[in-house]
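Open the model in your viewer and keep the selection panel at hand. The tour starts with the whole chain and then moves inside.

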Amino acid sequence: MEISPEAFGLPLRTDGDTVVGVWDNHIEKPVLDCYLSDGDLSMYDTVAFDIFSAKANGARMTLVFYSNNPATDGSDYYYLHITVDWTGLKRFELRTDQLRASRSPLGWDRIDLIRISASGWQNTPLADTSLTLSPFRFSKGSTDDRASLTVTVSTPPPLTGPPEDTRVTVPITSFGLPSVSGIEGFEGGIARWGDHPVHDVISCTSPPDLSRVNRVTFLVHSAKANNAQLTLQFRSENKETEGTDSYLTHLFVDWEGWKVITIDFADLRVGRSPLGWDKIDTIQFHASGWNATPKADTDLLISDLYFPQSGFDESTPMLSTLRAEHPRLLITSEGFARIRERIAAGDPQTLQWYASLQSTVRGIMAAGPSQYEMSDGLRLLATSVQVLDRVEALAMLYQLEGDMRYVERAWQELEAAGSFPDWNPRHFLDTAEMSRAFAIAYDWLYDAWTPEQRRFIREALVRLGLTPALQSYRRTAPSEWSGWVNRRKSNWNLVCNAGIGMGALAIAEEYPELAEEILRSSVRSIKNSIVGFAPDGGWEEGLGYWSYSIDYLVGYLGSLETALGTDFGLGDTPGLAEAGDFPIYLTGPTKEAFNFGDNGKGIFRRPEFFWLAQRYDKPEYDWWLRHVAGVSSHPRNFLWGLSGSDQRPDHEYPAPDRYFRDAEVVSLRSAWNDERACFVGFKGGANPGGHGDLDLGSFVFDALGVRWVEELGKDDYNLDGYFAYGPGGKRWDYYRKRAEGQNTLLINHDGGPGQNNPAFAPIVFFASKEGEALAIAHLTSAYTPHVTDARRGVALFDNRRQLLIQDEVTSQNPADIWWFMHTRAAVELSEDGRSAILSRNNKKVLARVPSPPEASFQLLPARPLEASPDPIGQDLNSGLHKLAIHLTGVTELRLVVQLTPLEDYEYAPLTPTVYSLDEWQQDVQTPLWAALPRLRLRLPVGARLSGIAGIGLELAGTARFSDVTVKMGEDILYQAKDLPSELIIDTYNYSDADRV
């Protein structure tokens with residue numbers, strides 16, 4: 001059976017021998033409907049079709065087969081979501097049993113409507129979506145002979161020519177390939193690469209200098225999606241090494257038609273020790289090597305290679321606007337004068353911070369200078385941080401008081417650290433932090449140093465800090481030194497570039513060429529990682545490393561502004577203006593952070609929050625730091641904290657819930673400014689991610705001022721192989737890093753890590769409603785091949801007073817499934833295990849299992865399961881318990897756990913209606929659950945029952961009981977159809993154990 005696109009109301013055109021439909025006006029026509037007169041599709045088990053997309057714009061649409069059931073409310077259907085994440089041709093072959101069912105469709109023999117919708121189901125029509133659809137063909141079994149689109153070479157590619165910002169072009173014909181002309185709609189060179197078993201390597205020798213660009217873009221047309229592996233390699237031979245030195249990446253031909261390939265240099269792997277992008281001797285495409293085998297059916301058209309400019313004007317020297325006088329890093333002499341004026345005027349806030357600074361400096365004056373110490377054999381970091389903290393405090397107090405004793409004490413630190421044999425560049429964070437310390441000391445105390453002291457500080461900074469950095473930028477340093485240069489979304493990149501960049505700004509007059517090259521290199525490099533805050537301020541490494549990154553990034557941006565008058569557009573990077581939202585939303589009402597990965601629960605209190613508030617006009621950031629987090633005692637408070645307002649902003653926070661895209665983290669809460677509020681932190685994202693665990697689907701929960709569900713956080717960084725992130729890495733032997741050490745699922749456990757690595761779990765649904773908030777993560781990639789589908793939803797419902805965790809899992813073969821939740825609460829299980837009371841700090845939470853009926857809780861230690869590794873030295877997780885559910889033989893599972901905070905003398909007797917996760921997604925505005933009633937116990941004043949006492953029971957809500965029984969011990973005190981207005985009890989008739 002075949003259904004033409006015309007039946008959906010699409011205009012037709014002929015493509016080869018096939019009549020296809022064109023759907024390119026999604027704003028005006030977001031829904032395509034095909035009504036069936038004979039809707040019996042039960043004789044088919046497969047539907048197949050092709051879609052050609054002009055652009056991979058991420059648009060979402062839903063294919064729906066309606067089979068309405070009059071016995072249900074709402075629509076009944078089978079459906080599939082499709083995301084337009086490809087350019088060119090994509091073929092779909094779907095078995096009807098793979099489509100999900102919503103509510104209770106009558107069956108495939110009663111399909112009355114087929115719909116393709118670009119709206120609804122959280123889909124948003126996009127104007128630039130342009131699709132071409134083949135006929136839909138229904139068959140029994142395989143459909144290899146189905147009608148399909150013929151994509152010809154004359155189909156216009158997705159670009160009309162080189163990108164406008166192209167700085168360098170490498171002609172594709174310089175690779176020795178035959179040119180192809182007459183490509184419709186494209187201005188530029190195109191060549192053909194076929195016969196890969198014979199011509200498995202194509203080369204361009206002596207390409208231009210690529211040091212002033214940072215990415216490459218080109219077009220490839222593939223005749224067939226055969227998944228052939230190609231390797232793009234930029235070779236930069238280093239005579240001091242054996243073998244090939246290069247930057248490289250692998251591509252897989254998993255598409256048909258045209259595709260735009262864009263590769264950031266930061267994403268390229270570094271092979272051995274290439275000399276640098278100014279010394280690229282050969283560019284090659286390989287069809288062999290790296291375990292690849294050339295495929296005879298690979299037939300490619302490749303455009304010229306375009307290298308866009310780096311994003312800032314490199315024709316003007318970066319130091320052309322350098323401020324001549326010192327100080328110029330973060331603050332100027334006028335800025336210090338304003339602080340002194342505030343102190344003289346008796347400003348209370350300034351005086352408070354001034355007294356705290358004086359106390360800090362008294363402690364420093366009594367201590368000896370820092371020593372070259374690496375207690376763990378790897379890191380000098382503690383010493384570098386100590387030197388930075390000390391010289392910053394001493395220099396600040398000198399500027400406020402003018403006492404040379406502080407300069408002399410700072411000199412002791414610098415003389416000692418400047419005489420170290422090195423600043424440990426193999427762990428380059430140590431070098432960067434020390435470089436910042438020397439930069440601040442040199443700049444803020446410039447007028448107080450003797451010429452000899454200035455020379456010593458400059459030379460130490462250049463020798464021990466800037467020179468190793470320059471070697472890293474030039475790729476002439478050992479690989480363990482320079483990995484930070486190309487890291488993406490990493491605190492290492494931001495910290496190292498910022499510390500080194502501040503060092504270059506400090507001594508720029510004396511070393512102008514060195515400073516110019518370092519600044520240019522640092523701005524290029526930092527762009528690799530600053531994009532990690534896009535699109536909305538989240539950071540995949542978690543809140544602790546967000547804080548570390550922001551501390552140094554703000555220091556660098558602030559120093560560029562005060563020293564050069566510009567940050568070269570870095571501060572306008574998407575996501576930075578919202579970066580302050582991340583700690584606000586990921587901190588619960590208990591003032592504990594959602595500490596996934598290698599993070600702690602501490603609240604963010606750094607003065608850089610003041611800078612974010614000023615730079616991006618976010619007064620709510622200033623308010624939150626002052627009145628929620630609490631300002632730390634830090635010298636940098638003087639830099640940005642004195643101009644803030646103590647006035648309550650118009651809105652402290654814009655919404656109670658937040659979904660941080662790309663980081664794939666969700667925050668839900670019942671209220672702001674209420675320490676008893678409910679709060680949920682929920683995580684999807686990538687395995688492993690920076691400092692990440694195998695924790696897709698994990699969550700934390702706060703209520704009644706208590707954290708009930710805990711993330712375990714980091715273990716000892718010095719454990720053997722702790723940072724071995726690979727699929728077989730030692731990191732996954734440690735309980736806190738494995739899936740079983742998280743609040744998530746473990747499926748078919750055999751002693752392995754528990755989740756796939758790599759894997760990605762997107763947040764596929766997020767809704768913030770009046771009285772309700774929901775989110776769903778798609779966990780399938782974490783558990784394949786054990787499951788065919790795995791999703792987890794979390795919901796704050798019942799006027800945001802309760803939490804629901806719902807897992808839906810489908811497996812072709814019977815599966816063994818564990819559900820885990822870690823807590824510091826005392827746990828009391830019911831006799832049947834269907835519920836548990838969690839108690840902590842004189843507060844209680846009721847945990848229940850509404851579905852399925854065979855599920856029950858058990859209490860386990862927070863330790864590895866019997867089949868799991870248990871290395872010596874890992875944290876023993878003292879004080880933690882693990883609430884668990886274990887199910888076997890599972891093929892279809894809907895597991896629901898309900899967590900209900902119990903107010904004083906209150907009981908929540910009802911479980912909510914269980915809806916499928918598909919039903920969760922049908923309405924983003926109307927609450928799915930109505931508020932549930934509560935049963936309250938009204939006790940006499942004082943709540944101590946002795947003798948004759950009157951006890952009241954009341955029901956909050958609209959529910960009614962059909963039968964009420966009140967017992968004291970085994971005695972039935974009351975039994976009727978409704979609640980009593982009051983019960984009179986003689987408590988002396990009962991033992992203490994039976995008393996209320």
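Among contacts in the protein chain between residues at least 6 apart in sequence, what percentage join residues at least 24 apart? The figure is 73%. Keep that in mind as you select residues below. This is a predicted model.

**Stop 1: the whole chain**

Show the protein chain as a cartoon. Its secondary structure comprises 16 helices and 46 strands. Now turn it along its principal axes: the C-alpha atoms fill a box of roughly 95 × 90 × 55 Å. The radius of gyration is 32 Å, which agrees with the value near 30 Å for a compact globule of 996 residues.

Switch to a surface view. The accessible surface comes to about 39,900 Å², and carbon and sulfur atoms account for 48% of that. Of the 996 residues, 56% count as buried.

**Stop 2: the largest nonpolar core**

Select Phe533 and Trp546. Of the 131 residues in the largest nonpolar core, these two touch the most other members. Next, color helix α10, residues 543–564. This helix supplies the largest share of the core, 13 residues.

Stay on Phe533 and show its surroundings. Which residues does Phe533 touch, not counting those up to four places away in sequence? Leu494, Gly538, Trp539, Trp546, Ser549, Ile550, Leu553, Pro574, Gly575, Leu576 and Ala579.

Then move to a second, separate core, which has 54 residues. To find it, select Phe701, Trp819, Ala855 and Leu887, which are among its members.

**Stop 3: helix α9**

Select residues 512–530, which form helix α9. Put a distance between its first C-alpha and its last: the helix reaches 26 Å. That is close to the 27 Å expected at 1.5 Å a residue. Now look at what surrounds α9. Of its 19 residues, 16 are buried, so the helix is largely enclosed by the rest of the structure.

**Stop 4: Val495 on helix α8**

Select residues 491–506 for helix α8, then pick Val495 within it. Is Val495 buried or exposed? Its relative accessible area is 0%, so Val495 is buried.

Show its contacts. Leaving aside neighbours within four places in sequence, Val495 is in contact with Leu429, Ala432, Tyr548 and Tyr552.

Last, add Ile550, one of the residues that Phe533 touches. How far apart are Val495 and Ile550 in sequence and in space? They are 55 residues apart in sequence, and 8.7 Å separates them C-alpha to C-alpha.

How values were computed
Residues numbered from 1 in each chain as written. Predicted model: local features only at pLDDT ≥ 70, side-chain atom pairs only at ≥ 80, totals over all residues. Heavy atoms only, no water. Core = buried A, V, L, I, M, F, W, Y, C linked by side-chain atoms within 4.5 Å. Buried < 20%, exposed > 50% of the residue type's maximum accessible area, 1.4 Å probe, protein only. Helix = DSSP H or I, 4+ residues; strand = E, 2+ residues; numbered from the N terminus. Contact = heavy atoms within 4.5 Å. Expected span 1.5 Å × (residues − 1). Rg over C-alpha atoms; globule rule 2.2 N^0.38 Å. Areas by Shrake-Rupley, 256 points an atom, 1.4 Å probe, with all protein chains shown as cover.
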